[in-house]
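Trainee: Before I rely on the labels attached to this model, I would like to go through the reasoning behind some of them. Could we take them one at a time?

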Amino acid sequence: LRKLVMRAFTSREIKALAPGLETLCHDLIDAFPQDAPFDLLTDYCTQVPVIAICRLLGVPEEMAPQLLDWSHKMVAMYQARRTRETEEAASRASSDFSAFLTEYIDARRSDPRDDLLSQLIAAEEAGEKLSTEELITTCILLLNAGHEATVHAMAIAVKTLLEHRTPKTALAPDAIDQTIEETLRFDPPLHMFERWAIEDFDAVGHSFKRGDKVMCLLGAANRDPVAYPDPHSFDPSRKGPVNVAFGGGIHFCVGAPLARLELQIAIPKLFARFTNLRIAQPPQYANLYHFHGLERLVLHS
């Protein structure tokens, strides 16, 4: 299953989104208020990933608000302080999204299009194909992880670049990849994630048994002084190991190529259009777990 999905996410389908993403970014920027503060989180960072997901799956872009609503309700299950009402809302959203996808999957089986859903339906590994249930699960993963984390990563990256008065050269085509990796290392959209030990092992003076829950501190790993000299400094030219903002190993985020593409396109476009972009209100981080993101990012152009 993972091989099939990873192959699809690193295929031409992802790269084919680039020209459309550039146009989308310009259209969203054109709609910003003129000579007035605006919330980049709602006006830009939220819109780019969800519309990209619509295009990737081949569903109408008019569905973006509905996809956002489903995503927010499902993801609320992962966060602290959830209630019975939260659980019921997540269950309804999951059922509604699954029903919606089932119709689309049935249609794509008989009439394939040039989209990721059609590619996943056709994908095969050692004679095995994805079932309808596996396709739905994959799409839910794409919607939840591909949207929520990318929104936070984009807003935090812009905030970081502005606060550190990062030179425009760091956003040049030959430097943007490295700059985005440093924003992800410096302040990732997920600081912590749960995993389970699959076998007994000892590490840093602790003994773990098979089945033990382990909290992986991604934010701490990205500030490891052994791996990154002067780790608490933001340095777009930093050389070093790949950050773990997207996890690693068998749990490496399947949507990482899509997230990176969106960041590499959306952020330079924003700064290219506004040469005097500045923070209009002090940014505040939202009281979230396990996501790590801003409540809003009010800017002035």
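Mentor: What follows sets several labels against the values behind them, and it should be kept in mind that this is a predicted model.

Trainee: Why is Arg260 called buried?

Mentor: The term applies under 20% relative accessible area, and Arg260, which lies in helix H12 (residues 256-273), has a relative accessible area of 17%, so it is called buried.

Trainee: What makes the pair Arg260 and Glu181 a polar contact?

Mentor: The cut-off is a pair of N or O atoms within 3.5 Å, and the side chain of Arg260 meets the side chain of Glu181 at 2.7 Å, so the pair qualifies. In sequence Arg260 and Glu181 are 79 residues apart, while their C-alpha atoms are 8.5 Å apart in space. Leaving aside neighbours within four places in sequence, Arg260 is in contact with Val242, Phe246 and Phe252 as well as Glu181.

Trainee: How do you know that helix H10 (residues 176-186) is largely enclosed by the rest of the structure?

Mentor: The conclusion rests on a count, because 8 of its 11 residues are buried. Among them are Ile176, Thr179, Ile180, Leu184 and Phe186, and what covers the buried residues of H10 includes helix H9 (132-163) and H12.

Trainee: Why is Ser118 called buried?

Mentor: Ser118, in helix H8 (residues 116-122), has a relative accessibility of 7%, and since the limit is under 20%, it counts as buried. Beyond its neighbours within four places in sequence, Ser118 is in contact with Arg108, Pro112 and Arg113.

Trainee: How do you know that the length of helix H3 (residues 18-30) agrees with what its 13 residues should span?

Mentor: At 1.5 Å a residue the expected span is 18 Å, and the end C-alpha atoms of H3 are 19 Å apart, which agrees. In H3, the residues Ala18, Leu21, Leu24, Cys25, Leu28 and Ile29 are buried. These residues cover an arc of only 130° around the axis, which puts them on the same side of H3.

Trainee: What makes E1 and strand E9 (residues 298-300) a pair?

Mentor: Pairing requires at least two bridges, and E1 and E9 are joined in the antiparallel sense over 2 bridges, so the requirement is met; Phe38 stands opposite Leu299 in E9. The 3 strands form an open sheet in the order E1-E9-E6. Strand E1 (38-39) and strand E6 (278-279) stand at its edges, each with a single partner strand, so one side of each is left without a neighbour in the sheet.

How values were computed. Residues numbered from 1 in each chain as written. Predicted model: local features only at pLDDT ≥ 70, side-chain atom pairs only at ≥ 80, totals over all residues. Heavy atoms only, no water. Helix = DSSP H or I, 4+ residues; strand = E, 2+ residues; numbered from the N terminus. Expected span 1.5 Å × (residues − 1). Buried < 20%, exposed > 50% of the residue type's maximum accessible area, 1.4 Å probe, protein only. Arc of directions from axis to C-beta. Contact = heavy atoms within 4.5 Å. Polar contact = N/O pair within 3.5 Å; in protein donor to acceptor, adjacent residues only side chain to side chain.
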